[in-house]
Amino acid sequence: MSDEEETQPTDEQKIEIAKWFLLNAPAGEIQYIAKDMKAVLQDETLYITAAAEAFPLYNKSHMICLDFPDRSGEVMVTSFSEIGENEYLDPRTAQVAIVDHVNQVCRRARPANDEELPTPYIEEYRYALDIEVTKYVSEVYPKGICSVHCVNGKDVEEPGMDFELVVVISATRLSPQNFCNGSWRSIWNVEFKDEAQLVEVRGTLQVGAHYFEEGNVQLDAKHECKDSTMFTVKLELEYLSPEDSAHSVTTIICHQETEYLNSLQTSYSKLPDATFKDLRRKLPVTRTLFPWHNTSQFSLRKDIQKSLGLEKKK
Amino acid sequence: MEAAMGLMRRIPPKHSEAALSALLSLLPHHSADLLSQVDQPLQVLCDVDSGKEFILCEYNRDADSYRSPWSNKYHPPLDDGLYPSQELRKLEMEANDVFTVYCDQYYEGGTSSVYIWENEDEGFIGCFLIKKDGSRTADGRRGYLEEGSWEAIHVIEVVPLDEATARYCLTSSVMLSLTTNDESSGAFSLSGSIRRQMNMDLPVDEGHLCNMGRMVEEMESKLRYSLDQVYFGKTKEMICTLRPPSELVQTSLPEQINKRRS
């Protein structure tokens, strides 16, 4: 190893490195990475700075779910539910959770103010969709959580204006004793467009899995469903109840997610014989093992033929 | 150091190069350990004489130069670099030629290199390397992969036991990644790295190259199978646990609810 002096990284660089490691932690593994990172950095202050910046981003990206201290419900930490620094709204119980990101707990809760909540008109739609989605999630995901938020137009009071809801669904399975963790995240944007009289549904699905018994293997799959012609629900907003629109939207979500799961399974089934082959065949074209003792039976490329002598090995 | 290895096990394999260089900058005193225990993506250089590529690794490096197995020259040139003995060089040349054919048969392309050098006590060490880019813009014959890479490093320590037998200790590591991408299913990306060991005592009547070659072949097949079935299989299992595929989930929810009510 050449003995050039490694220039020590600056404090800023060290913080960036720690942040990078934390942010790239697979689902459910950030605390393990945190522990190892502390040991590697050997500098409490630097670590604390990095963690303070990285944890909120990680938590929101992974849409972690935290219980309220009084067990009155749970809140999902997402960019859609964020209403202030470290404050996240749970529309179901109309509470705001004050969250400690680094320790991934909810410290306390307070009731939400009127300004933080949507209008009763919007809440009808939000609530109806929440009911349908919760039903769907409980049927399909053994360990799923979901939440519906209004991200645009929460102050709309009557028909005639556009508004937008977001459905977030998250399911995680953590099995560190089996060296396996995984997560499924879906984000569905539901836009109610008054002038066009339709509802447009767009979604992003992200699935990850990590298996690390004597190795390190990860799946990272992502899909954006944005062909709006497929998912628009024509509706007469005046005549269509919130319940009906909720039902239609949930049907779309269910259909798309089922399709996506099927396509994932198809990808896996093609692996051993098709996809993998582009990396390495199971056997040569001859369907026999390589004849190490006698390579002359192959039709060799010209340059190899020349240099290969074809002598018997000693 | 243990913490560093812990980090490497959790970071997505596609980021392992960045992770390793980050760790090296934070833990310069552990660089020797890190470099020997963590696999890094393989790089290649082009041999000046033959124009053929060769793979770079610790075993053909001296100072900042790398020795080509084709011309036996250091790139960039080195005044007093280390070279294998004449006898080992002969074995090395033979190994490279045969291994190229092996590589062609299994990898339908790709680059291979073999380096052989004396061991401290007796015997010698051989290192077999393969680098395959399976993306459709490179050597991916069927065009499935938007991105795909298989890199294997096999290090065999050979120690003669007596006139007729030798002990072969093989340590192999494979790093692979593959990504498929299409309109209907989005981006699907699997990546991973595993290491395994295998020891065998074998008769030398057919020569060392045969023995080493067969071990490498057996090991690679095992690793391929393991990655495909066990490792990737586990990730698939995990997804099906998260969201069980079910014929029962109707897309028209009210019917189902009504059925349950009646």
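Angles under 35 degrees count as roughly parallel, over 145 as roughly antiparallel, 65 to 115 as roughly perpendicular and the rest as oblique. This is a predicted model: local features need pLDDT of at least 70, side-chain atom pairs count only at pLDDT 80 or more, and totals for chains, interfaces and linings use all residues. Residues are numbered from 1 along each chain, chains are lettered from A in the order written, and side-chain values use heavy atoms, without hydrogens and water.

**Exercise 1.** Classify the packing of helix 4 and helix 6 of chain A.

*Solution.*
- Step 1. Locate the helices, which are DSSP runs of H or I with at least four residues, numbered from the N terminus. Helix 4 of chain A covers residues 120-140, and helix 6 of chain A covers residues 242-270.
- Step 2. Take the geometry. The angle is about 40° and the axes lie 8 Å apart. Axes are lines fitted to C-alpha atoms over the stretch in contact, and angles run from 0 to 180 degrees between N-to-C directions.
- Step 3. Assign the class. The two helices are therefore oblique to each other.
- Step 4. List partners in contact (heavy atoms within 4.5 Å). Helix 4 of chain A contributes residues including Tyr125(A), Leu129(A) and Tyr136(A), and helix 6 of chain A contributes residues including His247(A), Ile253(A) and Glu257(A).
- Step 5. Sort by class. The contact has 10 nonpolar, 3 polar and 4 charged residues. Ala, Val, Leu, Ile, Met, Phe, Trp, Tyr, Cys and Pro count as nonpolar, Asp, Glu, Lys and Arg as charged, and the others, Gly among them, as polar.

**Exercise 2.** Do the same for helix 1 and helix 2 of chain B.

*Solution.*
- Step 1. Helix 1 (residues 2-10) and helix 2 (residues 16-26) of chain B pack at about 165°, with axes 10 Å apart.
- Step 2. So helix 1 of chain B is roughly antiparallel to helix 2 of chain B.
- Step 3. Ala4(B), Leu7(B) and Met8(B) of helix 1 meet Ser16(B), Ala19(B), Leu20(B) and Leu23(B) of helix 2.
- Step 4. These residues divide into 6 nonpolar, 1 polar and no charged.

**Exercise 3.** Describe the span, burial and end of helix 4 of chain B.

*Solution.*
- Step 1. Helix 4 of chain B (residues 86-107) has 22 residues and reaches 30 Å from first C-alpha to last, close to the 32 Å expected at 1.5 Å a residue. The expected span is 1.5 Å times one less than the number of residues.
- Step 2. Of the 22 residues, 17 are buried (under 20% relative accessible area, 1.4 Å probe, protein chains only), so helix 4 of chain B is largely enclosed by the rest of the structure.
- Step 3. Glu108(B) follows, with a positive phi near 50°.

Conventions: Buried means under 20% relative accessible area, exposed over 50%, partly exposed in between (1.4 Å probe, protein chains only).
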